[in-house]
Amino acid sequence: MTTNDIFKKYSLVLGLEVHMQPKTKYKMFCGCSADIWKKEPNTHTCPVCLGLPGALPVPNFEAVEKTLTLGAALNCKLNTNSKFDRKHYFYPDLPKGYQISQFKEPLCGKGYLELDSGNIAQIQRIHLEEDAAKSFHKGKNTLIDFNKGGMPLMELVTTPTFNNVQDAVDFTKKLQQLLRHLNISEADMEKGQMRLEPNISLRTKKMEENNELPNYKVEVKNINSFKFMEKVIEYEIKRQAEILESGKIPAQENRGYDEKTGKTVSQRSKEEAHDYRYFPEPDIPMMVFEQNYLDQIVNDLPE
């Protein structure tokens, strides 16, 4: 089936998760330098970002303020109360066995961004978390560099707001320009400072008329270029259409993009929120912001 044939029968349902590294002097919860690019492996670490017993996290206020600034620029609701949560999953480059993230009370709530097409991209939330470390595979061995572990990371989540590839690409390009213009992040994709993760599914025209969402979605992880994201979405549209045409439903899973083949490959089944066993981070108190402080962030935005 060609893309034109597919769109006669199906519509694209697309949401984005974008991870962005704010420009800060230190890591998210410790005093380690955030200047980690091309540094000797495991030289920017301490008991906190290595998750050693008894080490206590202290939030990086610079990262908090830059996340609020991004939220203000994207017309988000800046929450007066916000807290950190523990998100549990096992991964070799996550030393604590959980990630300090945000779940129910993020820094920034719903917002939007107007696109060149005139469509409005709806933003669900922007939250702040710590990054995982970096794994390197050499033969049968896996080596881990913990310099990246504990770096601050902003995550922007849209609703399934896009129904075409062009709007999604326009949104991410505008977001990168905004991050640089406001000096929030360098958003250098080659350095992993901005990573794109589309959530892709297809629905029938009848489902679209009834405003029904598909009962599955496929998330493609860690894409580091706008061009690759475009290719990923186009590939997934064809792959998923073929599965639906055969009478089956695509598996709800995380996939990766293989640049050499131009295809996506299965990585693992996609977890739901309850699988992560979220609960409030007991070592970090609730953040409470005065309304005049949040108003000042909005008022201080440049043109």
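**Group meeting: charged pairs, two odd backbone angles and a helix crossing**

Okay, let's start with glutamate 281, which forms a salt bridge with arginine 86, their closest N and O atoms sitting 2.9 Å apart. Glutamate 281 is in the loop between strand 14 and strand 15 (287–288), while arginine 86 is in strand 3 (residues 85–88), so this pair ties together parts that are 195 residues apart in sequence. Before I go on, please keep in mind that this is a predicted model.

Now, are those two partners buried or exposed? Glutamate 281 has a relative accessibility of 4%, so it counts as buried. Arginine 86 comes out at 13%, and that makes it buried too, because the cut-off is under 20%.

Here's the general idea, for anyone who wants it: side chains of opposite charge can pair when their charged atoms come close. How many salt bridges does a search of the whole structure find? It turns up 17.

Let me show you another one. Lysine 221 pairs with glutamate 197 in a salt bridge, with 3.2 Å between the closest N and O atoms. Lysine 221 belongs to the loop between strand 11 (218–220) and helix 5 (226–245), and glutamate 197 belongs to strand 10, so here the parts being tied together are 24 residues apart in sequence. Glutamate 197 is at 1% relative accessibility, so we call it buried.

There's also a network: Glu236, Arg239, Glu253 and Arg255 are joined into one by salt bridges that share partners. Let's zoom in on arginine 255, which you'll find in strand 12 (residues 253–258). Its relative accessibility is 9%, so arginine 255 counts as buried. The side chains of arginine 255 and glutamate 236 are joined by a polar contact of 3.4 Å. And what else does arginine 255 touch, leaving out residues up to four places away in sequence? Its contacts include Val218, Val220, Lys221, Arg239, Thr264 and Gln267. So Lys221, from the bridge I just showed you, is one of the residues touching arginine 255.

For a pair with some accessible area, go to lysine 39 and aspartate 35, whose side chains meet in a salt bridge of 3.3 Å, N to O. Lysine 39 is partly exposed, at 33% relative accessible area, and aspartate 35 is also partly exposed, at 45%.

Okay, on to the backbone. Alanine 187 isn't a glycine, and yet it has a positive phi of about 50°. You'll see it in the loop between helix 3 (165–181) and strand 10 (194–204). With 0% relative accessibility, alanine 187 counts as buried. Arginine 277, again not a glycine, has a positive phi near 50°. That arginine 277 is in the loop between strand 13 (263–269) and strand 14 (279–280). Unlike the buried alanine 187, arginine 277 is exposed, with a relative accessible area of 52%.

Last stop: helices. Where packed helices are concerned, we describe the two by the angle between their axes and the distance between the axes. For helix 2 (residues 61–73) and helix 6 (residues 291–299), the axes come within 9 Å and cross at roughly 65°. The crossing is right-handed. Which residues meet there? From helix 2 we have Phe61, Glu65, Leu68, Thr69 and Ala72, and from helix 6 Tyr293, Leu294, Ile297 and Val298. That contact breaks down into seven nonpolar residues, one polar and one charged.

That's my tour, so over to you.

Methods
Residues numbered from 1 in each chain as written. Predicted model: local features only at pLDDT ≥ 70, side-chain atom pairs only at ≥ 80, totals over all residues. Heavy atoms only, no water. Helix = DSSP H or I, 4+ residues; strand = E, 2+ residues; numbered from the N terminus. Buried < 20%, exposed > 50% of the residue type's maximum accessible area, 1.4 Å probe, protein only. Polar contact = N/O pair within 3.5 Å; in protein donor to acceptor, adjacent residues only side chain to side chain. Contact = heavy atoms within 4.5 Å. Salt bridge = Lys/Arg side-chain N within 4 Å of Asp/Glu carboxyl O. Axes fitted to C-alpha atoms, helices over the stretch in contact; angles between N-to-C directions. Left-handed = near helix turned anticlockwise from the far one by under 90°. Nonpolar A, V, L, I, M, F, W, Y, C, P; charged D, E, K, R; others polar.
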